[in-house]
Every structure is written in structure tokens, then in C-alpha cells.
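User: I'd like to learn how to read a structure like this one at the bench. Can you walk me through it feature by feature?

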Amino acid sequence: MAVSVTILVLVIALHLIAFVFAIGAERRRSEAKVLPDQYDDRTYCSYTTDASTVYGLAAVALLLLSQAVLTAVTRCLCCGKGLVSGCSATCAVVSFILSWISFLGAEVCLLAGSARNAYHTKYRGYFGRHDLSCATLRKGVFAAGAALTLLSMLASILYYWAHSRADTGFWEKHRNEGLGLATHQHHHHQGVDSDKA
């Protein structure tokens, strides 16, 4: 299987857009501040925009789509016709494992960040109290997801490239073996024919 530029561009584009969404989610995390209730003497938590949740879920969807495309094209490494043994096959296996680990790590960070960012506590306290708990997503969760997204992209590119080389090597090896066998049989038949003559 030769390397398809279209597949490479698609995988890279999906990862990069997911990375941009993850960075956007980190920058637009919900923040909370304690405000007095206008109707009584209690305070409550007021939250800013929920944009991070939307960005995070968009990044999750794009990563999932990219991984699905790569898995379908390479037949998930284990469901294809087999790879020729050698450096390319070893590289394909290692990068396949790294690709899945980084992909799952990014998905967990982005999903957990999105869920936590969407969870808004509305605990109330007496006016003037400063220990009111306004739960928010801590800094760095979406950033970790973004970093793992880039790692997943690099591992996916390496996996696809190595898989394509190992897969192509498999077919070239067997084609050459077939040609060698056919040539040997052809020479053998010619020798037999000349003996009969």
C-alpha cells in the first residue's frame, strides 16, 4: 500500500484543527466570582461563558474522526494482510501503540475538561462570606489535551508511513518471489523441451 497524500493531509488537518480547538478551550475556560443576590442577603457563584465545553467537545469529535480514518485505512494493523518483517514493521507497531496511547490520553483530558467546565456549582452563602466554593476547571487540562493531540498527530503520521512501507514491502517481496518462481519454471520447461528434441 503506497502512502496516500490525501490521507496524510486529512489526518494532519483534523489533528491541527482539534489542537486549535483545545487551545481555544484552554483560553476560554469558565471563571467564577462570588456576587451578592439582588433579592436577599446571600451570595452566589456567577460563571462566564461555556465556550470551552463546546471547543473541547469539537476537538474530541475531530480526534475521533481522524483516528477512525487512520484505523480504516490501515485496517487497525492486525486485520490486514500482514506486514513484511523488518524495521518498517517494528516502527509501525511502536508508533501504532504510541498513537493510541496519546489519542486516548487526549480524549480523556478533553472530555474530562469539557465535563468539568460545564459543571457549575451554585452554592449560596450569607452575604459577606468569602469561603463560598465556586468550582471551576483548573488550568492546564485542555492544554494537556492539546499537547497529546500533537503527539497523537506525529505518532499517527509515523505509523501510517511505516505501515505503508511495510505493507508495500510485503507485496514487492511476494511479487519478486512469484517472478523468480515463474522464471525458474520457464527455464526448467525449456530445458526439458530441448532434451526431448
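**Cysteines, rings and helices**

Analyst: Let's start with the cysteines: searching the whole structure turns up zero disulfides. Keep in mind that this is a predicted model.

User: How far from cysteine 91 is the nearest cysteine sulfur?

Analyst: The general idea is that two cysteine sulfur atoms must lie within 2.5 Å to count as a disulfide. For cysteine 91, the nearest cysteine sulfur belongs to cysteine 87 and is 6.3 Å away, and cysteine 91 is in no disulfide.

User: And is cysteine 109 buried or exposed?

Analyst: Here the cut-off helps: buried means under 20% relative accessible area. Cysteine 109 has 19%, so it is buried. Cysteine 91, at 23% relative accessibility, counts as partly exposed.

User: Now the aromatics. How many aromatic pairs are there?

Analyst: The general idea is to check whether ring centres lie within 6.5 Å, then look at the angle between the planes, where over 60 degrees counts as edge-to-face. By this rule there are four aromatic pairs. One of them joins phenylalanine 96 and tryptophan 100: the ring centres are 6.5 Å apart and the planes sit at 65°, so this pair is edge-to-face.

User: Where do phenylalanine 96 and tryptophan 100 lie?

Analyst: Both are in helix 3, which covers residues 87–118, and they are four residues apart, about one turn of the helix. Tryptophan 100 also pairs with phenylalanine 103, with ring centres 5.4 Å apart and planes at 90°, so that pair is edge-to-face too. Tryptophan 100 and phenylalanine 103 are three residues apart in helix 3, which again puts about one helical turn between them.

User: Which residues do the ring pairs link into a cluster?

Analyst: The cluster takes in Phe96, Trp100, Phe103 and Tyr159. As for accessibility, phenylalanine 103 is buried with a relative accessible area of 4%, and phenylalanine 96 is buried at 17%. Tryptophan 100 is partly exposed, at 27%.

User: Last one: which residues does UniProt list as "transmembrane region"?

Analyst: The way to use a record like this is to take its spans and look at each in the model. The unreviewed UniProt entry lists residues 6–25, 54–73, 93–119 and 140–162 under that name. In the model, residues 54–73 are 100% helix and 0% strand, with the end C-alpha atoms 29 Å apart. Residues 93–119 come out at 96% helix and 0% strand, and there the end C-alpha atoms lie 39 Å apart.

Key
Residues are numbered from 1 along each chain as its sequence is written. This is a predicted model: local features need pLDDT of at least 70, side-chain atom pairs count only at pLDDT 80 or more; totals for chains, interfaces and linings use all residues. Side-chain values use heavy atoms; hydrogens and water are left out. UniProt positions are given in the numbering used here, feature names are shortened, and annotations may be inferred rather than shown by experiment. Helices (H or I, at least four residues) and strands (E, at least two) are DSSP runs, numbered from the N terminus. Rings of Phe, Tyr and Trp (its six-membered ring) pair if their centres lie within 6.5 Å; planes under 30 degrees apart count as stacked, over 60 as edge-to-face and the rest as tilted. Buried means under 20% relative accessible area, exposed over 50%, partly exposed in between (1.4 Å probe, protein chains only).
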